[in-house]
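Trainee: Could you walk me through how to read the packing, the sheet and the chain contacts here?

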Amino acid sequence: MTNSKKDYQKILGSIQTPVEGEAGETGTWSSLKPIIDLDKCIPVKSGKYVCFNCWLYCPEGVISRTIPPEVDNRYCKGCGICMEECPVQAITMKEVKIK
Amino acid sequence: MDLREEEFIYPGTRACAGCGMALIYRMALKALGPKTIGTVPASCLTVLHGMQGFCSTKISVLHTPFATTGAAASGILGSLEAKGLDDEICVLAFAGDGGTTDIGIQALSGAVERGTNFVYACYDNEAYMNTGVQRSGSTPLGAYSTTTPGGKTTHKKDMPKIMEAHGIPYVATANAAYPLDLYEKFQKARKIKGPKYIHILAPCPPGWGFDPKDTIKIGRLANETGFWPLYEVVDGIFYLSKKSKKLLNRENRKPIQDYLGSQKRFRDLGENIIKAYNEYIDNLWKNIEKRIEE
């Protein structure tokens, strides 16, 4: 009985493993990455958990809600939404060498 | 407002750079929490979930054929009821505009009529983007797609109104450019019993023809020009959302050319189309004014 159940599961194959980077390291899609100017960044300047527009608007969720905010360049697709939405223009998109 | 820190989508998905849908899905899952079971028809969202063997979300998701999102959600809820878990676990159906307004409308209508206790979210990128920009019932007037090379000749389908006519407890419109508003609406929907419908505008950089960095800007223009008003209908009572309130005054609305001109799909618009748009928006807001007075 147990064997046949396993066979069914193999055939149906409905169980999938959640993984980080399902499409590979999507950071390689673009060489433009956000560089945060910490002298302008509101949370760094005030030391409080305020603003974080970059974290909120990032479609990939690769910017952390920490002080200072950090970008995971392995998966950042370089869309530039964070640069547009930063209220103090602390973010610029610059070319970064990807390994 | 306190947003949940935890992410339910792993980074490194197959969504395009600057995808409006990815942002919507991220916020929706944040609002609904870990005790959610999703169901998704063929759409861009299937692409985001990934290929056989792996997936990119932390919640369970059932992939269904195109026409059966509503029926699949009813089925999931039936099994949860049999196990006595239906109060605890939220069922989320998440479909594109094609899967909602064209192909999936009968299954959705049936599920809503049966009173299924689920949240149905439609992310509206205004064409079949996954298969290469074919027109859907939700494509707006004058928009280019591969099946309407000269621009679509009719206005988009008013899907929230169709769902309202079913007499369901919660109908809302949202926009990818206002993630906090969207988050609140999903949280509200989770607490209400019965069928809930949320229609969300999802700007699509490759399909609409704009730079990925402008996703939020374009979404915001859709609201500010009055083209996509944000509202909620709770038990038949109409509430205009905060972000759209000042647009009741016609002078506060930006000219529609700002929105249309920023996208390549509207590049060859004639004067008559702009005129038709202005009439459409005026009518839309006249109706809203009437409904608020009630």
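Mentor: Let us begin with a helix on a sheet, where axes are lines fitted to C-alpha atoms, for helices over the stretch in contact, and angles run from 0 to 180 degrees between N-to-C directions. Helix 3 (residues 69-83) of chain B lies across strand 1 (36-40), strand 3 and strand 4 of chain B, and runs at about 170 degrees to strand 4 of chain B. Helices (H or I, at least four residues) and strands (E, at least two) are DSSP runs, numbered from the N terminus. This is a predicted model, in which local features need pLDDT of at least 70 and side-chain atom pairs count only at pLDDT 80 or more, while totals for chains, interfaces and linings use all residues. Residues are numbered from 1 along each chain as its sequence is written, and chains are lettered from A and ligands numbered from 1 in the order in which they are written.

Trainee: Which strands of chain B stand at the edges of the open sheet?

Mentor: Two strands pair if DSSP finds at least two bridges between them. In chain B the open sheet of eight strands has the order 3-1-4-5-7-6-8-9, with mixed pairing. Strand 3 (60-63) and strand 9 (237-240) of chain B are at the edges, each with a single partner strand, so one side of each is left without a neighbour in the sheet.

Trainee: How many residues of chain A are in contact with chain B?

Mentor: Contact requires C-beta atoms, placed from the backbone, within 7 Å; by that rule, 31 residues of chain A are in contact with 30 residues of chain B. Helix 4 of chain A gives the most to this side of chain A, with four residues.

Technical notes: Contact = placed C-beta atoms within 7 Å.
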